Amino acid sequence: MADSPDLPQTAAPVSDFSAAMTSGQTFTLAGRPAQATVLFFYPKDNTPGCTTENMAFRDLHEQFKAAGVEIYGISRDSLRSHESFKAKLGLPFELISDPDEAVCQAFGVMKQKKMYGKEVRGVERSTFVIDAQGRLVKEWRGVKVPGHVDEVLEFVARRG
């Protein structure tokens with residue numbers, strides 16, 4: 001991450017951005033009322049790993065809220081797909097749609113990956129914690145779903 005000046009650096013300010021999200025809202029990083037914001041990037045709605053990850057954030061949502069943290073999931077899926085996915089899983093947080101990959105590019109999560117033996121360009125599962133001052137304070141890249149959400153919760157709870 002330190003090799004590109006365009007990517008957010010840990011404890012460095014994250015450039016403000018806005019993007020469409022579920023419930024007819026627009027996400028804007030500036031002025032988030034929480035102590036921290038968790039942005040988790042995932043490859044695609046309704047796929048096994050992404051479903052499991054979203055459900056894990058859902059299941060611990062109250063604990064994140066108690067820690068003063070807002071959670072937002074981001075993928076390249078359409079708002080229509082996100083609305084359906086959110087309703088199907090009963091997600092208590094909003095999903096951000098990034099079909100043009102602007103937010104994905106800003107966070108450097110677009111990668112060449114191997115899928116069923118083929119090279120494909122896709123979202124590298126990643127999570128970022130941004131404090132109330134808009135600074136990146138922690139990132140996880142190449143996330144493996146099992147235990148990840150617990151690790152994120154432990155980090156934000158420790159930061160208090």
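**Group meeting: a walk through a predicted model**

Let's start with confidence. This is a predicted model, and the mean pLDDT of the protein is 90. Of its residues, 91% reach 70 or more. The weak stretch is residues 1-7, where the pLDDT is below 50. Beyond near neighbours in sequence, that stretch still has 13 contacts in the model. Treat those contacts with care. Where pLDDT is low, the predicted coordinates should not be read in detail.

Now the pocket. How much volume does the largest pocket have? About 370 Å³. It is lined by 17 residues. The closest to its centre are Pro43, Lys44, Lys113, Met115 and Val123. Find those five on your screen and you have found the pocket.

Which strands supply at least two residues each to that lining? Strand S6, residues 110-115, and strand S7, residues 118-123. S7 gives the largest share, four residues. By class, the lining has eight charged residues, six nonpolar and three polar.

Next, helix H3, residues 79-89. Its buried residues are His82, Phe85, Lys86 and Leu89. Notice that a lysine, Lys86, is on that list. How do these residues sit around the helix? Look down the axis of H3: the buried residues fall within an arc of 100 degrees, so they line one face of the helix. On the other side, Arg80, Ala87 and Lys88 are exposed.

What do the buried residues of H3 pack against? Three elements: helix H1 (48-59), strand S4 (69-75) and strand S5 (94-97). After H3 comes Gly90, with a positive phi near 65 degrees.

That brings me to backbone angles. Most residues other than glycine have a negative phi, and most peptide bonds are trans. Two residues here deserve a look on that count. One is Ser23, with a positive phi near 65 degrees. Ser23 sits in the loop between strand S1 (18-21) and strand S2 (25-28). Is Ser23 buried, exposed or partly exposed? Its relative accessibility is 39%, so Ser23 counts as partly exposed.

The other is Glu101. Its phi is also positive, near 65 degrees. Glu101 lies in the loop between S5 and helix H4 (102-106). Why does Glu101 count as buried? Because its relative accessibility is 13%, and buried means under 20%.

Let's go to helix H5, residues 148-159, which contains Arg159. Arg159 has 45% relative accessibility, so it counts as partly exposed. Which residues does Arg159 touch, leaving aside neighbours within four places in sequence? Asp131 and Val137. Arg159 also gives us a long step along the chain: Ala67 is 92 residues away in sequence. In space, their C-alpha atoms are 9.0 Å apart.

Val14 makes a similar point. Val14 is in the segment before S1. At 11% relative accessibility, it counts as buried. Val14 and Ile130 are 116 residues apart along the chain. Their C-alpha atoms are separated by 7.8 Å.

Two more pairs, for contrast. Pro48 is found in helix H1, the helix that H3 packs against through its buried residues. Pro48 itself has 69% relative accessibility, so it counts as exposed. Pro48 and Asp77 are 29 residues apart along the chain, with 15 Å between their C-alpha atoms.

Then Ala132. Ala132 is in the loop between strand S8 (126-131) and strand S9 (136-141). Ala132 counts as partly exposed, at 42% relative accessibility. Ala132 and Ile96 are 36 residues apart in sequence, and 19 Å apart in space, C-alpha to C-alpha.

To recap. The pocket is lined by 17 residues, with S7 giving four of them. H3 has a buried face, and Arg80, Ala87 and Lys88 are exposed on its other side. Ser23 has a positive phi, and so does Glu101. And go easy on residues 1-7, where the pLDDT is below 50.

Note on methods:
Residues are numbered from 1 along each chain as its sequence is written. This is a predicted model: local features need pLDDT of at least 70, side-chain atom pairs count only at pLDDT 80 or more; totals for chains, interfaces and linings use all residues. Side-chain values use heavy atoms; hydrogens and water are left out. pLDDT is the predictor's confidence in each residue, from 0 to 100. Contact means heavy atoms within 4.5 Å. On a 1 Å grid over the protein atoms alone, a cavity is a set of points where a 1.4 Å probe fits but cannot get out, and a pocket is an open set with protein on both sides within 12 Å along at least five of seven lines; lining residues have an atom within 4 Å of a point. Grid points are joined across faces, edges and corners, and a volume is the space filled by probe spheres set on the points. Ala, Val, Leu, Ile, Met, Phe, Trp, Tyr, Cys and Pro count as nonpolar, Asp, Glu, Lys and Arg as charged, and the others, Gly among them, as polar. Buried means under 20% relative accessible area, exposed over 50%, partly exposed in between (1.4 Å probe, protein chains only). The arc is that of the directions from the helix axis to the C-beta atoms.
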